[in-house]
Amino acid sequence: MLSQLYRSGFQPFNQHLLPWAQSIAISRSHRGQRSAIRHVRSWSNIPFITVPLSRTHGKSFAHRSELKHAKRIVVKLGSAVVTRGDECGLALGRLASIVEQVSVLQNQGREMMLVTSGAVAFGKQRLRHEILLSQSVRQALHSGQNQLKEMAIPVLEARACAAAGQSGLMALYEAMFTQYSICAAQILVTNLDFHDEQKRRNLNGTLHELLRMNIVPIVNTNDAVVPPAEPNSDLQGVISVKDNDSLAARLAVEMKTDLLIVLSDVEGLFDSPPGSDDAKLIDIFYPGDQQSVTFGTKSRVGMGGMEAKVKAALWALQGGTSVVIANGTHPKVSGHVITDIVEGKKVGTFFSEVKPAGPTVEQQGEMARSGGRMLATLEPEQRAEIIYHLADLLTDQQEEILLANKKDLEEAEGRLAGPLLKRLSLSTSKLNSLAIGLRQIAASSQDSVGRVLRRTRIAKNLELEQVTVPIGVLLVIFESRPDCLPQVAALAIATGNGLLLKGGKEAAHSNRILHLLTQEALSIHGVKDAVQLVNTREEVEDLCRLDKMIDLIIPRGSSQLVRDIQKAAKGIPVMGHSEGICHMYVDSEASVDKVTRLVRDSKCEYPAACNALETLLIHRDLLRTPLFDQIIDMLRVEQVKIHAGPKFASYLTFSPSEVKSLRTEYGDLELCIEVVDSVQEAIDHIHKYGSSHTDVIVTENEKTAEFFLQHVDSACVFWNTSTRFSDGYRFGLGAEVGISTSRIHARGPVGLEGLLTTKWLLRGQDHVVSDFSEHGSLKYLHENLPIPQRNTN
């Protein structure tokens, strides 16, 4: 394919490419229209989806998430996108990728239009080639290869280049679109075509007819004859077609387009010139914000700079068309930039007329960073006071909290499964338990930030300390768990971390009031901004891209949520576990009195929890014994659905449903039972099918138990206890931000310690490294010093 061929380094002259591309198109056309379309859908690496596209044009979209409903779309390709870096010839691989994306959207039922540059660059390449070929053969033979390369090429007039390049550019587009069984048509326009009423009606009718026939119009200014732009000719509410930016805007409004995508060689709009140290990409641009933008120079090619793009975009926005300006040249994103924009992903700068009431998520990230730093400078007693106050508010404001939670439950009824509804539900006992946990955190937080872990005398009067410090800004994403908000907030406050919280929309009412109470508690020491609740329509994937604002992501929710976040996070570490497949091994020497009690608590006490039992491993010698019968009878009484593992099923004449996978987290009253021959086989099974979360042995043999404890490689390994003890509150941590199965930084229930890192403090007196050289005056001592004890009372 074109993009693959050019990525491999093949670089012929463009005129040599056209017969090759057309021959492919001809050979494909014999397969028939229906088979060709089916081939296109499977060939493309962009998934084919069907979306509802009915929309009445009038107002532009208010939010990015609405862009997926755009039916009629104009894509403007800037000169920097279409041309190669040497400005002589086309970027064929990039063009092939753009054509692929446009074709996929067209085949979804959308109406696509292209406004393209490139005729001048294509024509320049052709004319240069012709000039070189027309040189005297004798001169070429006698001048030598090096001198031939240095032959002077006359400056080529842009209109002549455009005239020479238009036909070749269009032939190239036709060849590319043919690969997707899509027909393209060329339309060349000038300013007069929009100002002359009859020509304007003709143009409008032609475009509508092409769209009706499922043809992609490819529009360009007729650069071969276009006159210079008249100064100030677009001040009376009509934009003059001076370049392809203004052409695209005029076309978008004229055709009542839903979305205009302007692709250039920069990511979008910045609050200062791109490339400067303080430049920040503006995610959403609102009319009237021009004063917040500093325009840089124009792109390396083309007529319009960023100022022209903004002017055109605002004019289109005023006409009811949404606009996104984005980078179409970046090799990592150009292959999906158009489809990403249409899917509502945070790409480039989105122009919107609807300004949100609250801060953007980027502003919230900065507020959390600033507030977190202020929080870290407070005295430990002050941070503890905030948490104590929050605990009091949870009990004092119970009625308001439960009322908000009732609204969430009513709205979620019929939409959420039973286990999720149970997680969503708050109660008086839950709130009381939360308050107790928060007070534990407050009591244990006195010695968290600034604790000295190590002191070393490097040399005389040169002392080194390693001390605990906050990680920075945490992003915690949680589903259906409003009780998670005050827990995580208290841990962040205790450790001096800034916090961004993204809760599920199913808990919106509960999260809102819990966040207000958290900010009320923070306000007693003036650090209200340290904890932020993201209420905007930010997609989780977009939040995971804020690598300059977020230092650690902690997902709390389904295994699918955790996997999605781990996949989406680019450059930001993720702490958590994707699954909670917890095992309990019942040894041949297990106590009859303990087993049923432990199994019931592990499976039935809260089956939706990540630390609930999912697989019960039973020693083969226990089959057909009273102990085994007691376990089965208890599970039946508790209405637990049993799934038989392969070995267990082989022992039974009439077995329960055989398990589909031994690596399953049910999250409900369901349990897999499997048979093993020994403690070693149980350990091997856990390592093969477990998730390194929590695993338990039930036995009276201490030697067997210690063998299990030492050899099972999980975050939590227990002997004769319920799996449900794997919890920060039950461990005495007060609460947890989650349970980590990672092997780096923190493992198991993550409380205060897991939200701290360290820094090194070195105190000296005019020490330089050269004093410690072979002939220097000082020697390294590296003496361990006693660590001072802090008063935590």
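A residue is called buried here when its relative accessible area is under 20%. By this criterion, the buried residues of helix 22 (residues 559–568) are Ser-559, Leu-561, Val-562, Ile-565 and Ala-568. An α-helix has 3.6 residues a turn, so residues three or four places apart point the same way. What do the buried residues of helix 22 pack against? Their neighbours are strand 11, helix 21 (540–543) and strand 14 (552–556).

With that small example in hand, the whole chain can be introduced. The structure is a predicted model. The chain contains 27 helices and 24 strands, and 52% of its 793 residues count as buried. Many contacts reach across the sequence: among those between residues at least 6 apart, 75% join residues at least 24 apart.

A good place to begin the tour is a sheet of eight strands. This sheet is open, with mixed pairing, and its strands follow the order 3-4-2-1-5-7-8-6. Strand 3 (184–189) and strand 6 are the edge strands, and each of them pairs on one side only. Helix 8 (residues 158–178) packs on this sheet, where it touches strand 1 (72–77), strand 2, strand 3 and strand 4. The direction of helix 8 makes about 150 degrees with that of strand 3. Further in, strand 2 (residues 111–116) and strand 4 (residues 216–221) run parallel and are joined by two bridges. Val-115 has Val-219 of strand 4 as its bridge partner.

Aromatic rings add another detail to this part of the model. How many aromatic pairs does a search of the whole structure find? The search gives six. One of these pairs, Phe-285 with Phe-351, is tilted, with 5.2 Å from centre to centre and 55 degrees between the planes. Phe-285 belongs to strand 6 (residues 284–285) and Phe-351 to strand 8 (residues 349–351), so the pair links parts of the chain that are 66 residues apart. Both Phe-285 and Phe-351 are buried.

Further along the chain, strands 11, 12 and 13 can be followed one after another. Strand 11 (residues 473–478) pairs with strand 12 in the parallel sense over six bridges, and Val-473 stands opposite Gly-498 of strand 12. Between these two strands the chain passes through helix 19 (residues 484–495), in a β-α-β crossover that is right-handed. Strand 12 also pairs with strand 13 (residues 531–533), again in the parallel sense, this time over three bridges. Here Leu-500 faces Gln-532, a residue of strand 13, as its opposite. The route from strand 12 to strand 13 leads through helix 20 (residues 508–522), and this β-α-β crossover is right-handed. Is strand 12 largely enclosed or left open? Five of the six residues of strand 12 (residues 498–503) are buried, so this strand is largely enclosed by the rest of the structure.

The nonpolar cores come next. The largest one has 50 residues, and those touching the most other members are Leu-375, Ile-386, Ile-387, Ile-401, Ile-441, Leu-499 and Leu-501. Helix 19 supplies the largest share of this core, with nine residues. A second core is separate from it and holds 42 residues, among them Met-112, Ala-119, Val-324 and Phe-350.

The last stop is an open sheet of six strands with parallel pairing, in the order 17-18-16-15-19-20. Strand 17 (641–644) and strand 20 stand at its edges with a single partner strand each, which means that one side of each has no neighbour in the sheet. From one strand to the next, the twist averages 20 degrees. Helix 26 (residues 679–689) lies across strand 15 (582–586), strand 16 (613–619), strand 18 (670–676) and strand 19, and runs at about 170 degrees to strand 15.

Strand 20 (residues 716–719) rewards a closer look. Its covered face consists of Cys-716 and Phe-718, while Val-717 and Trp-719 make up the uncovered one. Four bridges pair strand 20 with strand 19 (residues 694–698) in the parallel sense. The residues of the covered face appear again in this pairing: Thr-694 has Cys-716 as its bridge partner, and Val-696 stands opposite Phe-718. To get from strand 19 to strand 20, the chain goes through helix 27 (residues 702–711), and this β-α-β crossover is right-handed.

Key: Residues numbered from 1 in each chain as written. Predicted model: local features only at pLDDT ≥ 70, side-chain atom pairs only at ≥ 80, totals over all residues. Heavy atoms only, no water. Phe/Tyr/Trp six-rings, centres within 6.5 Å; stacked < 30°, edge-to-face > 60°. Buried < 20%, exposed > 50% of the residue type's maximum accessible area, 1.4 Å probe, protein only. Pairing = 2+ DSSP bridges. Contact = heavy atoms within 4.5 Å. Axes fitted to C-alpha atoms, helices over the stretch in contact; angles between N-to-C directions. Right-handed = clockwise from strand over helix to strand, strands pointing away. Core = buried A, V, L, I, M, F, W, Y, C linked by side-chain atoms within 4.5 Å.
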